[in-house]
Amino acid sequence: MAKRIEIRLALPVVGPLIDRLRPLAEADRDKLAVPVDLRGVEEDLQAHWCDDLVATLGSDLAFFAGLFGEKFRATGTIEFDEREALAVLRACSILRLRLRAGELQEVTDEQLEEGEVDFFRLSEKARGAFTCYLFLASLQENLVRHLDPGIGEG
Amino acid sequence: MAQTNTRPETETDVALALADPWHVVVLNDPVNLMSYVVFVFKRVFGYDDNRARRHMLEVHERGRSVLWTGNREKAEAYVHTLQQWQLTAVLEHGEAH
């Protein structure tokens, strides 16, 4: 039986972030987060390749969105097992990629990679998006460390 | 009479030549966390911490890393799996590294 993971989140802080992320998680479930490079992939495989990626993406986002229903609204907790945690990890990555491609376009790759984003220089819209971006990163990191305690941020 | 000497090839050389080596290459992206990338490498390839971290740093510092080399079918499967994990992975055909 897979171990259960329960995460308690500060509802007053995280609630508004989830409200902002929900449309991103619910829309475009039939579109990839980033274009994929299919060079080298056999032609007769390519259509099925993308369909399969979209199916996984849709499933991961649906699971993530489903975590923040009534129980979360009442208690601030989300719960899943270790197998489902993998979908949460992937969903966080999808949403971060979407934020990057959308509301965080004003931030450069270098700023993101080096963690040198001046929050107060961002537009109002980008500040909200960046806060969501950081929340998702924190969720991912905590999950990775729970699933594999030997991995630390370099 | 001329004598022909043939240098014996290793089994690996022969296998790779016959299998037409394909590389699974991961490219850098500014979004995915280092810890996440290491986790994915360990999970997908079964690499230990050191090897996964070495590849992650190579992606981060050099822009790319060859994670695996072998036959096309298996390479395609790895690339597909890495893309499911939202990493930028591509298939490259070439000489073994």
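**Strand 1 of chain B and the contact with chain A**

In this predicted model, B:V24 stands opposite B:L91, a residue in strand 3 of chain B.

Student: Which residue is the bridge partner of B:V24 in strand 2 of chain B?

Tutor: Strand 1 of chain B, residues 22-27, is joined by six bridges to strand 2, residues 64-70, and the two run antiparallel. Six bridges also join strand 1 to strand 3, residues 88-93, again in antiparallel fashion. On the strand 3 side B:V24 stands opposite B:L91, while on the strand 2 side its bridge partner is B:W68.

Student: How many of the six residues of strand 1 of chain B are buried?

Tutor: Strand 1 is paired with strand 2 through six bridges and with strand 3 through six bridges. As for its accessibility, where buried stands for under 20% relative accessible area, strand 1 is mostly covered, and the number of its residues that are buried is five.

Student: Which helix gives the largest share of the largest nonpolar core?

Tutor: The largest nonpolar core has 77 residues, and those with the most contacts inside it include B:V24, B:F41, B:F45 and B:L82 from chain B as well as A:F64, A:F80 and A:F135 from chain A. The largest share of this core amounts to 11 residues, and it comes from residues 124-147 of chain A, that is, helix 6.

Student: Which residue of strand 3 of chain B, among those at 88-93, is in contact with B:L82?

Tutor: Leaving aside neighbours within four places in sequence, the contacts of B:L82 include B:V24, B:V26, B:F41 and B:F45. Strand 3 of chain B covers residues 88-93, and the contact of B:L82 that falls in this range is B:A89.

Student: What area do chain B and chain A bury between them?

Tutor: The contact involves 28 residues of chain B and 36 residues of chain A. B:P30, B:V31 and B:Q86 supply 21% of the area that chain B buries against chain A, more than any other three residues. Of the area that the two chains bury between them, 60% lies on carbon and sulfur atoms, and the total is about 2900 Å².

Student: Which residue of chain B forms a salt bridge with A:D148?

Tutor: Between chain B and chain A there are 11 residue pairs in polar contact, and the rule finds one salt bridge across the interface. In the salt bridge of A:D148 the closest N and O atoms are 2.7 Å apart, and the partner is B:K42.

Student: Which helix of chain B gives the most to the side that touches chain A?

Tutor: Helix 2 (34-45), helix 3 (49-62), helix 4 (72-84) and strand 3 of chain B each supply at least two residues of that side. The element that gives the most supplies seven residues, and this is helix 2.

Notes: Residues are numbered from 1 along each chain as its sequence is written. Chains are lettered from A and ligands numbered from 1 in the order in which they are written. This is a predicted model: local features need pLDDT of at least 70, side-chain atom pairs count only at pLDDT 80 or more; totals for chains, interfaces and linings use all residues. Side-chain values use heavy atoms; hydrogens and water are left out. Buried means under 20% relative accessible area, exposed over 50%, partly exposed in between (1.4 Å probe, protein chains only). Helices (H or I, at least four residues) and strands (E, at least two) are DSSP runs, numbered from the N terminus. Two strands pair if DSSP finds at least two bridges between them. A nonpolar core is a set of buried Ala, Val, Leu, Ile, Met, Phe, Trp, Tyr and Cys residues joined through side-chain atoms within 4.5 Å. Contact means heavy atoms within 4.5 Å. Buried area is the accessible area (1.4 Å probe) that two parts lose on being put together, summed over both. A salt bridge is a side-chain nitrogen of Lys or Arg within 4 Å of a carboxyl oxygen of Asp or Glu. A polar contact is a pair of N or O atoms within 3.5 Å; within protein, one must be able to donate a hydrogen and the other to accept it, and residues adjacent in sequence count only if both atoms are side-chain atoms.
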